[in-house]
Amino acid sequence: MEKTNCMLCKEEMDCPEKMLAAKVHICNSCIENISEKDLDNPDFLNILKKLDGTIKGMDKKLEKCDKVANEITNMEFNLFLKENDIKSLSRKNAARKAFTEGSFSTLSFIMFGGMEEEFLDSMLKAMKEVKVQKEKG
Ligand SMILES: [Zn+2]
């Protein structure tokens, strides 16, 4: 993990080495607290401008994500039903188990595709930070 500065609050923040070249760095605290008043902040407007190009390319990527998610479901869902007795679970717990299994399958595919283990570590760390931020209110 490397250090960089949040483009909004200027505080130092952790950043995975591979993300240092990203156009935009915003800390979890700022992401959690973005509101309408930020539309008057020139730094925030500058960040939106930088993100615009990235967001424009996202539609296509998200469409592909949807296709891959459907393919993974086609490949894994019947096996999941065979291996898990979800009828004994409440609807909520069955949905939770299926969701977890889907996330796991997706991450496994990405790992086999060459994702570095450090990416998972940075995801876990970022999710812990978001959780702590949410608990603080
Ligand atoms: Zn910040």
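**Notebook: a walk along the chain**

Started with the order of elements: from the N terminus, the protein chain goes β-β-α-α-α-α. That fits the tally I looked up next, 4 helices and 2 strands. Note to self: this is a predicted model.

**Overall shape**

I checked the radius of gyration and got 19 Å for the protein chain, whereas a compact globule of 137 residues would come out near 14 Å. Then I looked up the box that the C-alpha atoms fill along the principal axes, and it is roughly 55 × 35 × 30 Å. How much of the protein chain is buried? Buried residues make up 3% of the 137 residues. I also looked at contacts between residues at least 6 apart in sequence, and 34% of them join residues at least 24 apart.

**The two strands**

Next I went to the start of the chain. Strand 1 (2–5) and strand 2 (12–15) have a loop between them, and Lys10 sits in that loop. In which sense do strand 1 and strand 2 pair? They pair in the antiparallel sense, over 4 bridges. I picked out one facing pair: Glu2 is opposite Cys15 in strand 2. A reminder I jotted down here: side chains in a regular strand alternate between the two faces of the sheet.

Strand 1 and strand 2 form a hairpin, with 6 residues between them. I stopped at Lys10 in the turn, since its phi is positive, about 70 degrees, even though Lys10 is not a glycine. Is Lys10 buried or exposed? Lys10 is exposed, because I count 11 other C-beta atoms within 10 Å and 12 or fewer makes a residue exposed.

**Helix 3 and Ser105**

On to helix 3, which has 22 residues. From first C-alpha to last it reaches 31 Å, close to the 32 Å expected at 1.5 Å a residue. I picked Ser105, which lies in this helix. Ser105 has 18 C-beta neighbours inside 10 Å, so it counts as partly exposed.

Which residues does Ser105 touch, leaving aside those up to four places away in sequence? They are Ile72 and Glu76. I followed up on Glu76: it is 29 residues from Ser105 along the chain, yet their C-alpha atoms are separated by 7.9 Å.

**Between helix 3 and helix 4**

After helix 3 comes Gly114, and its phi is positive too, near 115 degrees. Glu116 is in the loop between helix 3 (91–112) and helix 4 (117–136). I put Glu116 down as exposed because it has 12 other C-beta atoms within 10 Å, and 12 or fewer is the cut-off for exposed.

For a long-range check I took Glu116 and Cys6, which are 110 residues apart along the chain. Their C-alpha atoms are separated by 25 Å.

**Helix 4**

Last stop, helix 4. Its 20 residues should span 28 Å at 1.5 Å a residue, and the end C-alpha atoms are 29 Å apart, so the two values agree. How many of the 20 residues of helix 4 are buried? The count is 0, so I noted helix 4 as hardly covered, with a residue needing 20 or more other C-beta atoms within 10 Å to be buried.

Terms used: Residues numbered from 1 in each chain as written. Predicted model: local features only at pLDDT ≥ 70, side-chain atom pairs only at ≥ 80, totals over all residues. Rg over C-alpha atoms; globule rule 2.2 N^0.38 Å. Contact = placed C-beta atoms within 7 Å. Expected span 1.5 Å × (residues − 1). Pairing = 2+ DSSP bridges.
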